[in-house]
Amino acid sequence: MKLLLFWLAGLLGCSTLFGADLKIGIIGCDTSHVIAFTENLNDPAAKDHVAGGKVVAAYKGGSKDIPESWSRVEEYSKTLREKHGVKFYETIEEMCKDVDVVLLESVDGRPHLEQVKPVLEAGKPVFIDKPMAGSLKDVIEIFRLAKEAKVPVFSSSSLRFSKDNQAVHNGSIGKVTYAETYGPCSLEPHHPDLFWYGVHGTEALFTVMGTGCETVRRGTTPDGRIEVTGTWSDGRKGVYREDKSFHGLARGEKGEAPAGTFDGYVPLVQAIMQFFQTGIAPVKPEETVEILAFMEAADASKQAGGTPVKLSDVIKQSRAPR
């Protein structure tokens, strides 16, 4: 027991052991998530308050070649500073000295690998928002570095933690034999097609189907929207389709149930805080790697005219020496 307490003290700077809020730092202030998460965490009077931590520090970040980034970073930074009293730092290294844990929120996945390196070197547990990186290769490298540094890390879409998706994930309809999820899929030219927004529906699909996808085929719906079909090792199929809203269904041994729904950010923030407090990631690295491989394979299939692509080939290629 003493060893366990000592380990927790080292991991979280003793904050939880003495009942104090964890000091949270944010990297990247160019997404609405930083405002939503901070309001959930910092305001005890808020309807959806999540206890256990407080955002106290931030590093602006921002990408000049993505309008969704540079057009919002100053506004969101101002809100964090003026409304929540968040202190801003010129470097990630300096910020890490004054926090217990980190939320890597940069809306652009490309800088995530370089941004997370000083966090791992500082030994701070970190949640990495979607997309985990700008490529599967970078995701694999992040997990390698985290394992080497023995620092807890995880990444997830908020859809994973919706009531519908969790119910199916936890066996409400038995083993899922088929699932289809729907959601918006706006594109960003610097990322593979599904990385930017299709990641949400893809994560929901894997939440209910589980791992084991072997091949991916990219096509289109009758009205020209993105449709990606995955075939699992045991013959099961899962489909992600572009649509205006988040929804879907799953069929299992005991019937069918809704899936792919979105319940807001609170369930994700709750999962993040539990992760920070325990050091145990709710999503295994292997599953996250498979999700990213699914999305990269969808691009490869598109380039090959809709030919099925093996996830193992995509993963092998991404694991090649840098």
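This passage describes the fold, the nonpolar cores and selected residues of a predicted model of one protein chain.

The protein chain contains 13 helices and 13 strands. Its radius of gyration is 19 Å, which agrees with the value near 20 Å for a compact globule of 322 residues. The C-alpha trace spans about 50 × 45 × 40 Å along its principal axes. Of the contacts with a sequence separation of 6 or more, 74% join residues 24 or more positions apart.

Burial and surface composition were computed for the chain as a whole. Of the 322 residues, 56% count as buried. The exposed area of the protein chain is about 14,400 Å², and carbon and sulfur atoms supply 52% of that area. The chain carries 38 positive and 43 negative charges, and the mean positions of these two sets are 3 Å apart.

In soluble globular proteins, nonpolar side chains tend to be buried together. In this model, the largest nonpolar core has 59 residues. Within this core, the residues with the most contacts are Val-126, Leu-194 and Phe-294. Helix H12, which covers residues 285-303, gives the most to the core, with eight residues. A second, separate core has 31 residues, among them Ala-58, Val-86, Ala-271 and Phe-275.

The surroundings of Leu-194 were examined with its neighbours within four places in sequence left aside. Leu-194 is in contact with Cys-185, Val-199, Thr-202, Arg-218 and Ile-226, among others. The remaining contacts of Leu-194 are Val-228, Tyr-240, Phe-294, Met-295 and Ala-298. Of these partners, Phe-294 is itself one of the residues with the most contacts inside the largest core.

Thr-229 lies in strand S9, which runs over residues 226-232. Its relative accessible area is 12%, under the 20% limit, so Thr-229 counts as buried. Beyond its neighbours within four places in sequence, Thr-229 is in contact with Thr-215, Val-216 and Arg-217, and also with Gly-238 and Val-239.

Lys-97 is found in the loop between helix H5 (92-96) and strand S4 (101-104). Because its relative accessibility is 60%, over the 50% limit, Lys-97 counts as exposed. Lys-97 and Ala-122 are 25 residues apart in sequence, and their C-alpha atoms are 7.7 Å apart in space.

Backbone geometry was examined on either side of helix H7. The peptide bond from Lys-130 to Pro-131 is cis, with omega near -20°. Pro-131 is placed in the loop between strand S5 (126-128) and helix H7 (136-149). Lys-150 lies in the loop between H7 and strand S6 (153-155). Although Lys-150 is not a glycine, it has a positive phi of about 60°. Lys-150 has a relative accessibility of 74% and therefore counts as exposed.

Two residues of helix H7 itself were compared for burial. Ala-146 lies in this helix and is buried, with a relative accessible area of 4%. Ala-146 touches Leu-120, Val-151 and Val-153, residues up to four places away in sequence not being counted. Ala-146 and Ala-298 are 152 residues apart in sequence, with a C-alpha to C-alpha distance of 27 Å. Ala-298 is also among the contacts of Leu-194. Arg-144 is likewise placed in helix H7. Its relative accessible area of 40% falls between the limits of 20% and 50%, so Arg-144 is partly exposed. The C-alpha atoms of Arg-144 and Ala-281 are separated by 15 Å, and the two residues are 137 residues apart along the chain.

Gln-317 belongs to helix H13, which covers residues 311-318. With a relative accessibility of 62%, Gln-317 counts as exposed. In sequence, Gln-317 and Lys-137 are 180 residues apart, whereas in space their C-alpha atoms are 8.3 Å apart.

How values were computed
Residues are numbered from 1 along each chain as its sequence is written. This is a predicted model: local features need pLDDT of at least 70, side-chain atom pairs count only at pLDDT 80 or more; totals for chains, interfaces and linings use all residues. Side-chain values use heavy atoms; hydrogens and water are left out. A nonpolar core is a set of buried Ala, Val, Leu, Ile, Met, Phe, Trp, Tyr and Cys residues joined through side-chain atoms within 4.5 Å. Buried means under 20% relative accessible area, exposed over 50%, partly exposed in between (1.4 Å probe, protein chains only). Helices (H or I, at least four residues) and strands (E, at least two) are DSSP runs, numbered from the N terminus. Contact means heavy atoms within 4.5 Å. The radius of gyration is taken over C-alpha atoms; the globule rule is 2.2 Å times the number of residues to the power 0.38. Accessible areas come from the Shrake-Rupley method with a 1.4 Å probe; for residues, only the protein chains shown count as cover. Lys and Arg count as positive and Asp and Glu as negative; His and the chain ends are not counted. The place of a charge is taken as NZ of Lys, CZ of Arg, CG of Asp or CD of Glu.
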